[in-house]
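Colleague: I'm new to reading helix packing, and I'd love a walk-through. Could we look at a model together?

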Amino acid sequence: MTAASSPVWPRGTEVTGRWHGRRYVVERLIGEGANGRVYLVRGERGIFAMKVASGSLDLQAEINALLALQVDGGMDPYLLDADDACVEGSDPVCFYIMKYIRGAAVTDYLAGRGPDWFGLVAMRLLERLRDLHAKGYIFGDLKRDNVLVGEHGRVELVDFGGVTRKGAAVRQFTELYDRGYWHAGGRKADEAYDLFAFAVLCIQCTDPRKELEAAARRIPPQRRSPARLKEMLARCAMRPAHKALIRDILDGKTTATDVALERWRRAMLAQASPAPVPGWMKGALAASATLLAATLVWTFL
């Protein structure tokens, strides 16, 4: 199934759930990918995001993962409704409703705010991954478009189509960020898989030459390797301690998310930012440090 097989709905299209009877009105298309389209919609209780797919199997797997995270893992409510769509003049399709997250893609956010924000945004992303990993899942399809940054550097993960229980085969991925694509390991769902994608994303966000995507296309398959990524990393505008962590992730030496998060946070605290640090950012770092310490204490009890 592809996005092309999903319905294209103009603004004002009315969508009514076949089983639950809830009604939504399409505002605009906000995203599309290999397994469906996402629309901004208005419902009785506000503004939401609606993911739509003509085929039910992939979407149902995604819904099942979200339900498991919310029921078994204590995840904040993300999945709000799931149903078959009744739209006049269209064939039946599956959809689910999720909270609408306001924000910009991580690379766009950093381009607008400047490189001084990179360290904090990356730390927030590691926090999100740590929380997901602690519940027994990996994100799988970690990439630029699936990481949104909002006010004060708040990071949210979107599009849970690649979420996979640890130990299974990764369900959905994007080649540029994929460990297997770079001959750095397999596609088994483990924390190191997400960390590798995190490392690639960090290179993408801080590479002054913006060469990652072009280089990935230019390098023949037999010559792809973590060494190629480390060549680009050497030119990135990143703190030395952060570069050292990224190298260890690419080499498979750092495979636990809580360890990576602790190293990232300590590097931020150890080296003062060249720009004045706002009071709220100092508070955010202190709060993260307290939470991480509590997590580590609980882990080793």
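Colleague: At what angle do helix α6 and α7 pack, and how far apart are their axes?

Modeller: Keep in mind that this is a predicted model. Helix α6 (residues 226-233) packs against α7 at an angle of about 170°, and the two axes are 10 Å apart. Angles over 145 degrees count as roughly antiparallel, so α6 is roughly antiparallel to α7.

Colleague: Which residues make that contact?

Modeller: From α6 come P226, L229, K230 and L233, while α7 offers K243, I246, R247 and L250. Sorted by class, that gives five nonpolar and three charged residues, with no polar ones.

Colleague: And how do the axes of α4 and α7 cross?

Modeller: Helix α4 (residues 191-206) and helix α7 (residues 240-250) have axes that come within 9 Å and cross at roughly 135°. That angle makes α4 oblique to α7. The crossing of this pair is left-handed.

Colleague: What classes of residue are in the contact of α4 with α7?

Modeller: On the α4 side you'll find L195, F196, F198, A199, C202 and I203, and they meet I246, I249 and L250 of α7. Here there are nine nonpolar residues, with no polar and no charged ones.

Colleague: Let's try a single residue. Is Q204 buried or exposed?

Modeller: Buried means under 20% relative accessible area. Q204 has 7% relative accessibility, so Q204 counts as buried. This residue lies in helix α4. Leaving aside residues up to four places away in sequence, Q204 touches T107, R144, L176, Y177, K210, L212 and E213.

How values were computed: Residues numbered from 1 in each chain as written. Predicted model: local features only at pLDDT ≥ 70, side-chain atom pairs only at ≥ 80, totals over all residues. Heavy atoms only, no water. Axes fitted to C-alpha atoms, helices over the stretch in contact; angles between N-to-C directions. Helix = DSSP H or I, 4+ residues; strand = E, 2+ residues; numbered from the N terminus. Parallel < 35°, antiparallel > 145°, perpendicular 65-115°, else oblique. Left-handed = near helix turned anticlockwise from the far one by under 90°. Contact = heavy atoms within 4.5 Å. Nonpolar A, V, L, I, M, F, W, Y, C, P; charged D, E, K, R; others polar. Buried < 20%, exposed > 50% of the residue type's maximum accessible area, 1.4 Å probe, protein only.
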